[in-house]
Amino acid sequence: MKGGNEFVLLGFSGFGFLQGSVLGRALFWGVLWIYLVTLLGSSLILLTLVDPALHSAMYFFLRLLSMMEIFYTTTIVPRMLVDLLSSCPIPSAICFIQLYFFALFGIAECCLLIAIYAAICRPLHYTILMNWGACASLVGASYLMGTMHSIFIFTLPFHGANTIHHFLCDILPVWRLASTANI
């Protein structure tokens with residue numbers, strides 16, 4: 001990879017008028033406000049732990065989905081907020097960490113949505129289908145899929161360009177940088 005072990009995330013730097021302008025600061029505060037509202041809303045769902053009547057598998061998955069949403073947005077938004085204020089390269093280790101957690105929480109969230117979909121489509125069979133062993137298996141499988149996806153991406157060799165035309169280390173842009181990826 002050119003330039004050592006860093007990736008250059010272009011993010012919003014292609015929009016030069018955003019850097020240091022009133023519009024850039026307004027966008028920063030708007031994204032920060034939405035981020036804080038998302039954190040607050042997802043945190044309120046975690047309060048279902050207080051009521052013992054809400055300790056079924058369905059509420060377990062809703063709480064887990066809420067935690068995934070908190071972790072998922074925390075993986076993306078802080079780096080995006082930094083990029084709105086100033087553009088700087090990101091070390092490849094930090095890019096890997098961001099991509100790892102982005103894929104882990106994103107794929108885990110999709111798998112949990114499938115489990116919740118089963119509750120919606122089969123409400124009468126849900127208590128039979130979703131025992132605590134099935135819940136643990138689904139959660140473990142979702143984390144495993146997210147982990148394996150990230151590890152496979154960063155085992156590819158990176159030679160040549162190191163510029164990512166994105167505001168985060170996303171799977172497809174990083175994959176395009178790998179010399180063996182034929183997209």
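**Exercise 1. Find what the buried residues of helix H5 pack against, then describe the helix.**

*Solution.* Start with the packing. The buried residues of H5 pack against H2, H3, helix H4 (126–129) and helix H6 (171–177). Contact means heavy atoms within 4.5 Å. Buried means under 20% relative accessible area, exposed over 50%, and partly exposed in between (1.4 Å probe, protein chains only). Helices (H or I, at least four residues) and strands (E, at least two) are DSSP runs, numbered from the N terminus.

The model is predicted: local features need pLDDT of at least 70, side-chain atom pairs count only at pLDDT 80 or more, and totals for chains, interfaces and linings use all residues. Residues are numbered from 1 along each chain as its sequence is written, and side-chain values use heavy atoms, with hydrogens and water left out.

Next, list the buried set. In H5 it consists of Ala134, Cys135, Val139, Ser142, Gly146, Thr147, Ser150 and Ile153.

Then check the length. H5 covers residues 132–153, which is 22 residues. From first C-alpha to last it reaches 32 Å, close to the 32 Å expected at 1.5 Å a residue. The expected span is 1.5 Å times one less than the number of residues.

**Exercise 2. Place histidine 149: which helix holds it, and which residues does it touch?**

*Solution.* Histidine 149 sits in helix H5. Its relative accessible area is 34%, so it is partly exposed. Not counting residues up to four places away in sequence, histidine 149 touches Ala103, Ile107 and Ile171. Now take a distance. The C-alpha atoms of histidine 149 and tyrosine 100 are separated by 8.1 Å, with their positions 49 residues apart along the chain.

**Exercise 3. Work out the surroundings of alanine 108.**

*Solution.* Locate it: alanine 108 is in helix H3. Check the cover: its relative accessible area is 0%, so alanine 108 is buried. List the contacts: leaving aside neighbours within four places in sequence, they are Met68, Ala103, Ser142 and Tyr143. Look at one partner. Alanine 108 and serine 142 are 34 residues apart in sequence, yet 4.4 Å apart in space, C-alpha to C-alpha.

**Exercise 4. Count the aromatic pairs and analyse the one between tyrosine 72 and phenylalanine 102.**

*Solution.* The structure holds six aromatic pairs. Rings of Phe, Tyr and Trp (its six-membered ring) pair if their centres lie within 6.5 Å; planes under 30 degrees apart count as stacked, over 60 as edge-to-face and the rest as tilted.

Tyrosine 72 and phenylalanine 102 are stacked, at 5.4 Å centre to centre with 15° between the planes. Tyrosine 72 belongs to helix H2 (residues 57–85) and phenylalanine 102 to helix H3 (residues 92–121), so the pair ties together parts that are 30 residues apart in sequence.

Compare the cover. Tyrosine 72 is partly exposed at 22% relative accessible area. Phenylalanine 102 is buried at 11%.

Finally, look for a group. Ring pairs link Phe71, Phe96, Tyr100, Phe101 and Phe105 into a cluster.

**Exercise 5. Determine whether serine 42 and arginine 63 are buried or exposed, and list their contacts.**

*Solution.* Take serine 42 in helix H1. With a relative accessible area of 8%, serine 42 is buried. Leaving aside neighbours within four places in sequence, serine 42 is in contact with Ser66, Glu69 and Ile70.

Now take arginine 63 in helix H2. At 9% relative accessibility, arginine 63 counts as buried. With neighbours within four places again set aside, arginine 63 is in contact with Ile45, Leu46, Thr48, Leu49, Leu54 and His55.

**Exercise 6. Summarise the chain as a whole.**

*Solution.* Count the elements: six helices and three strands. Read them in order from the N terminus: β-α-α-β-α-α-α-β-α. Add the cover: of the 183 residues, 39% count as buried. Then the contacts: among those with a separation of 6 or more, residues 24 or more positions apart account for 74%. Last, the surface. The accessible surface comes to about 10200 Å², of which 75% belongs to carbon and sulfur atoms. Accessible areas come from the Shrake-Rupley method with a 1.4 Å probe; for residues, only the protein chains shown count as cover.
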